[in-house]
Amino acid sequence: MADYQTQISCRDLRLGYEGRTVTEGLTFEVNRGDYLCVVGENGAGKSTLIKALLGLNPPLSGEIAFPGGLKAAAIGYLPQHNAVQKDFPASVKEIVLSGCLGKGGFQPFYTREQKALAERQMERLGITEIKSRCYRELSGGQRQRVLLARALCATEEILLLDEPVAGLDPKVTKEMYEIIDSLNKSGVTVIMVSHDISAAVRYASHILHLGPTPLFFGPKSSYVKTDIGKMFTDYAGGDDK
Amino acid sequence: MSETLTQIWQNLQNIFAQLSTLYIPPEEIPAKLSMFQYPFVQRALIAGLLIALCSSLLGVTLVLKRFSFIGDGLSHVAFGAMTVATVVGLTNEMILVLPVTVLTAVLLLKTGKNRKIMGDASLAMLSVGALGLGYFIMNKLSTSANVSGDVCSTLFGSTSILTLSKFDMWLCVAMSMIVITVFVLFYNKIFSVTFDPDFASATGTRANAYNTLTAVITAVIIVLAMNLVGSLLISALVVFPALSAMRVFRSFKSVVVCSAAISVSSAAAGIIASIFIGTPVGSTIVVAQILMFVIFSIIGKIKSKG
């Protein structure tokens with residue numbers, strides 16, 4: 001039964017690029033409904049871990065398994081902004097719809113079900129009114145909602161969020177965290193990579209703290225009691241966001 | 001000093017006298033129009049419009065991917081291959097030119113992934129390398145009596161579009177149909193892969209396969225377009241329509257449709273104008289593209305203010 005609940009199980013991963021190890025000895029599990037927050041310094045391997053989970057950059061050694069029957073190709077991914085998107089002419093609707101593509105195999109046009117799914121996800125994230133607007137003219141918060149809606153079109157099982165609040169102002173950051181929290185409460189498993197440890201501790205159910213060797217993995221309640229957890233949470237408490 | 005000024009003044013007068021030859025007196029128009037009954041003019045129009053359509057479809061993707069220069073690089077490689085084919089004495093140069101260009105396109109996009117060292121430098125190197133080598137080979141080894149004429153027409157297309165054989169035209173038609181079909185069938189995936197390759201591959205679209213597909217199609221179009229505008233001006237066909245459309249339109253679909261319309265209409269205008277005023281086809285099309293770009297820039301400015 002426990003196995004069925006486990007969506008992602010990583011055993012003794014060694015991650016890196018072109019033979020250069022970034023982090024090793026990484027073992028953790030993600031269960032259905034979890035809210036896992038991955039924290040760590042720059043260069044600790046957060047983005048490498050994302051690429052490995054998505055199957056874009058396979059681990060140097062170790063194993064990533066999806067016991068619940070989840071496919072690597074079925075993770076809803078919210079990437080960081082890339083340079084191409086800054087001047088890309090695309091409407092909100094076009095972008096959200098493109099989330100439906102992964103499932104179809106060869107399929108030249110969107111089906112009625114896929115269009116309905118896109119409408120539903122836009123409704124869910126409150127972007128229906130702006131669906132004809134151009135993506136590059138939106139505010140940072142609106143863009144993130146669009147990309148979240150796209151990710152939800154790909155799957156409602158599990159979301160992988162790469163720095164979802166980077167570059168957002170405090171008010172929008174809070175809104176974004178609340179959206180993610182409500183998605184998690186509605187049954188979506190969330191893996192979030194973030195610098196923001198105070199938010200991680202507030203919202204997440206589990207914490208993975210990365211370093212050259214993993215510094216911590218476990219439920220949030222134990223994280224805040226560890227030395228490293230204390231160090232960061234005290235620090236974060238100091239400038240209370 | 002005053003002599004130089006007089007000289008300049010005379011030159012300017014000459015230029016204006018030249019420009020007045022661009023004017024077609026109304027009584028000559030029927031004679032010019034009768035040109036269109038000749039099969040070679042019709043073939044040029046059909047092939048030209050199809051090539052313009054294909055290159056504009058791909059142009060949107062290439063420009064957005066920051067691959068605008070790939071067209072330029074590949075066309076120079078195609079020029080190099082063309083000279084080799086000529087010197088070796090192949091009757092149909094396509095047999096060599098097409099595979100070489102396709103292969104280069106695939107390799108370029110493959111290395112594009114880990115472009116830490118290479119990137120634009122490798123493209124520049126390849127581009128001028130092929131151009132230089134091609135010119136060298138042509139000069140040294142060609143048996144033709146008119147080497148500089150050959151080079152000029154390969155580089156600028158001069159009138160070769162007007163000398164297309166029936167076979168050339170049908171080849172153009174067939175290739176264009178394939179390109180258009182592929183583009184329509186994979187339109188959504190091409191959008192997704194262009195907008196966000198990481199997301200696309202994370203959710204199960206094989207982004208690499210689509211990049212390779214784009215590369216192959218690009219190479220095919222470039223080889224075809226060499227007949228139309230010559231290898232130096234191909235980038236114009238790829239870049240201008242997309243950029244013009246992006247000045248005004250805000251969604252991917254409208255940009256694609258608009259750039260196709262711009263490209264086809266400026267190719268038609270260019271080919272017709274070149275017949276009327278006797279200018280080289282390729283450069284006339286490019287001038288038409290530039291005018292379109294200016295017009296669309298102005299419309300875009302007005303639209304964003306209003």
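## Worked exercises on a two-chain predicted model

**Exercise 1. Describe how strand S1 (residues 6-17) of chain A is paired with S4(A), and place both strands in their sheet.**

Four bridges join strand S1 (residues 6-17) of chain A to S4(A), and the two strands run antiparallel. The model, it should be said at the outset, is a predicted one. As a specific instance of the pairing, Cys10(A) has Ile64(A), in S4(A), as its bridge partner. Widening the view, one finds an open sheet of three strands in chain A, ordered S2-S1-S4, with antiparallel pairing. Strand S2 (20-31) and strand S4 (61-65) of chain A stand at the edges, and because each has a single partner strand, one side of each is left without a neighbour in the sheet. From one strand to the next the twist averages 15 degrees. Helix H2 (residues 46-53) of chain A packs on this sheet, where it touches S1, S2 and S4 of chain A, and its direction makes about 125 degrees with that of S1(A).

**Exercise 2. Work out which parts of chain A meet at its domain boundary, and what classes of residue domain 1 of chain A offers there.**

The starting point is the division of chain A into domain 1 (1-75 + 158-241) and domain 2 (84-154). Between them, 10 residues of domain 1 of chain A are in contact with eight residues of domain 2 of chain A. On the domain 1 side, helix H6 (residues 170-185) of chain A gives the largest share, namely four residues. Sorted by class, that side of domain 1 of chain A has eight nonpolar residues, one polar and one charged.

**Exercise 3. Characterise the side of chain A that touches chain B.**

Counting contacts, 24 residues of chain A meet 23 residues of chain B. The largest share of the chain A side, three residues, comes from helix H3 (residues 92-98) of chain A. By class, the chain A side divides into 17 nonpolar residues, six polar and one charged.

**Exercise 4. Decide whether the end-to-end distances of helices H4 and H14 of chain B agree with the spans expected at 1.5 Å a residue.**

Helix H4 (residues 68-88) of chain B has 21 residues and should therefore span 30 Å, while its end C-alpha atoms are 32 Å apart, which agrees. This helix H4(B) is mostly covered, since 15 of its 21 residues are buried, and just after it Gly89(B) takes a positive phi of about 95 degrees. For helix H14 (residues 281-305) of chain B, the 25 residues should span 36 Å, and the end C-alpha atoms, 37 Å apart, agree with that expectation. Among the buried residues of H14(B) are Val281(B), Gly282(B), Met292(B), Phe293(B) and Phe296(B).

**Exercise 5. Classify Phe156(B) as buried, partly exposed or exposed, and list its contacts beyond four places in sequence.**

Phe156(B) lies in helix H7 (residues 147-156) of chain B. Within 10 Å there are 19 other C-beta atoms, whereas a residue is buried if 20 or more lie within that distance; Phe156(B) is therefore partly exposed. Leaving aside neighbours within four places in sequence, Phe156(B) is in contact with Gly230(B), Leu232(B), Leu233(B), Pro280(B), Gly282(B) and Ser283(B). As a check on distances, Phe156(B) and Gly129(B), which are 27 residues apart in sequence, have C-alpha atoms 18 Å apart in space.

Key. Residues are numbered from 1 along each chain as its sequence is written. Chains are lettered from A and ligands numbered from 1 in the order in which they are written. This is a predicted model: local features need pLDDT of at least 70, side-chain atom pairs count only at pLDDT 80 or more; totals for chains, interfaces and linings use all residues. The expected span of a helix is 1.5 Å times one less than its number of residues. A residue is buried if 20 or more other C-beta atoms lie within 10 Å of its own, exposed if 12 or fewer, and partly exposed in between; C-beta atoms are placed from the backbone. Domain bounds come from an automatic or database domain assignment. Two residues are in contact if their C-beta atoms, placed from the backbone, lie within 7 Å. Ala, Val, Leu, Ile, Met, Phe, Trp, Tyr, Cys and Pro count as nonpolar, Asp, Glu, Lys and Arg as charged, and the others, Gly among them, as polar. Two strands pair if DSSP finds at least two bridges between them. Axes are lines fitted to C-alpha atoms, for helices over the stretch in contact, and angles run from 0 to 180 degrees between N-to-C directions.
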